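Reader: I would like a close look at a single part of this protein, the sheet and whatever packs against it. Could you take me through that part slowly, strand by strand, and then turn to the helices and the loop beside it?

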Amino acid sequence: MDIFCKDIAGAKLNLMGILRENGVFFSMPCGGNGTCGKCRVRFIFGAPKANEADKNILTEKEIADGWRVGCKAVVTGEFAIEIPSKEDDIAVETGFGNEEKSGDSTSVERAKETSDNLVIVADIGTTTIAATLVDCENNKQIATVTSVNHQRSFGADVISRIQASNNGAKELLKKSVEDDLRHLASKLGVDFDNTKMIISGNTTMEHLLQGLPCDTLGVSPYTPVDISLHEFGKYIILPGISTFVGADIVSGIIACGMDESDKINVLIDLGTNGEMAIGNKDRILVTSTAAGPAFEGGNISCGVAGIPGAVDSVTINDGNVSYTTIGNEKPAGICGTGVIEIMYELISNEIVDETGLMDDEYFDDGFEIAAGCIFTEKDVREVQLAKAAIRAGLETLIEEFGTDYKSINKIYIAGGFGRKINLNKAAGIGLIPEEFVDKCEAVGNSSLEGAVMFAADTGLKERFCKISKQAQEISLAESASFNDYYMDHMFFPEV
């Protein structure tokens with residue numbers, strides 16, 4: 001719990017604007033519309049009068065105790081606030097078996113002495129950013145670190161960020177991600193300004209880093225400004241396929257070796273944008289579905305990123321709840337793996353039915369997982385929408401490719417929670433087909449892994465460019481099959 005104090009000498013200013021200017025960032029899934037309540041803060045003194053957002057989200061007691069919805073709070077004069085959690089200590093498995101580890105001074109200094117070619121490789125995700133220090137001369141990974149993407153203070157999804165950029169926040173968004181990259185370079189023990197960086201990420205994130213206009217990203221025909229493999233200042237920007245399928249999927253395809261395989265494989269990125277690919281060395285189809293950030297803890301009442309204290313696994317037996325948290329710390333919220341497990345347990349214990357309706361006993365106040373951590377009917381709906389979008393996108397891709405479950409060799413599951421996803425429970429809520437459980441391999445951050453491969457072998461340039469140009473995108477908005485699959489998979493399966 002941090003304290004922030006400031007005197008603005010009588011001016012009327014938005015609290016979140018003041019905090020941003022001072023390097024304090026909040027996750028605001030609603031994009032600052034005052035509807036999600038994730039940016040709530042408690043005023044120690046100087047609290048503004050409660051507004052409609054406060055009254056809609058907070059209880060009378062909370063308001064009396066000084067709590068306010070931060071994005072709608074207008075402050076004047078001197079004030080002090082308590083900041084509950086900034087999600088800075090996110091814990092994410094970043095690659096194919098590589099746990100996050102900050103570079104100790106010895107290993108970094110040794111790398112500096114023995115190599116003239118140190119590169120930072122970064123994957124800029126909508127929710128998190130991961131960076132690896134690579135010794136290209138000796139083909140070594142020195143260390144890997146992660147951070148929350150503080151652009152979350154402009155909204156949880158790419159659409160919110162596109163709108164913010166178009167409404168005048170382009171330079172703020174660019175500065176935000178550069179500040180995050182600078183911080184990660186510091187954690188890696190190298191100088192940000194003098195170290196080359198290789199960047200992978202979705203198309204919107206790469207546009208925002210470069211300060212490119214986003215006007216055409218959010219309106220039909222959704223045309224990106226530049227998704228080629230190119231240099232931008234100190235950065236090498238890896239190529240994407242389209243506005244909605246970016247360099248993160250190109251990197252993932254290469255990391256999994258899909259483009260060189262004789263067999264048909266599938267890549268599913270369980271991130272905010274729900275990107276996925278199917279194919280082999282002869283043909284690759286890709287698509288993106290608006291899954292939302294539920295599987296990364298976003299838009300969930302008590303959802304958080306993978307920070308210490310995040311509930312990451314849950315079991316319910318006869319109404320008794322047992323859970324684990326990251327780092328075995330006091331519960332601070334629910335992260336993506338916890339969301340999947342809670343959903344499965346609620347269904348298997350008949351607390352939620354196949355339509356997503358929560359039992360009357362819990363409908364109004366939610367089901368308590370731990371002190372201060374509840375799962376609500378609204379949360380059930382968020383998961384329902386997300387899993388239906390992912391599953392319908394997958395089924396549509398399989399149909400468009402002209403194959404079936406039996407003919408698919410392997411399904412690579414990528415995403416911020418790495419190999420910690422419980423595949424049986426994921427299948428139990430209908431996120432993936434039951435037939436796929438034994439074929440699944442959870443690979444963590446395949447975008448970062450592919451980018452690291454590029455850093456170690458620039459001969460991969462041809463493969464990256466070939467995929468970006470030849471992969472065929474399937475538009476789900478124009479697919480009647482997708483709509484049918486989506487409605488079918490809104491229902492939860494029997495457990």
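Author: Strand 11 (230-232) and strand 12 (residues 235-237) run antiparallel and are joined by three bridges, and within this pairing Glu231 stands opposite Ile236 in strand 12. The model is a predicted one, and in it these two strands belong to an open sheet of six strands, whose order is 9-8-7-10-12-11 and whose pairing is mixed. Strand 11 stands at one edge of this sheet and strand 9 (140-148) at the other, each with a single partner strand, so one side of each is left without a neighbour in the sheet. On average, and with direction ignored, neighbouring strands of the sheet are turned by 25 degrees against each other.

Two helices lie across strands of this sheet. Helix 6 lies across strand 7 (118-124), strand 10 (196-201), strand 11 and strand 12, and its direction makes an angle of about 145 degrees with strand 10. Helix 7 (residues 247-255) lies across strand 7 and strand 10, running at about 95 degrees to strand 10.

The loop that leads towards the edge strand deserves a look as well. Between helix 6 (203-210) and strand 11 (230-232) lies a loop that holds Pro221, and the peptide bond joining Ser220 to Pro221 is cis, with an omega of about 10 degrees. The chain thus passes from helix 6, which lies across strand 11 among others, through the loop with Pro221 and on to strand 11, which is joined to strand 12 by the three antiparallel bridges described at the start.

Note on methods:
Residues numbered from 1 in each chain as written. Predicted model: local features only at pLDDT ≥ 70, side-chain atom pairs only at ≥ 80, totals over all residues. Heavy atoms only, no water. Helix = DSSP H or I, 4+ residues; strand = E, 2+ residues; numbered from the N terminus. Pairing = 2+ DSSP bridges. Axes fitted to C-alpha atoms, helices over the stretch in contact; angles between N-to-C directions. Contact = heavy atoms within 4.5 Å.
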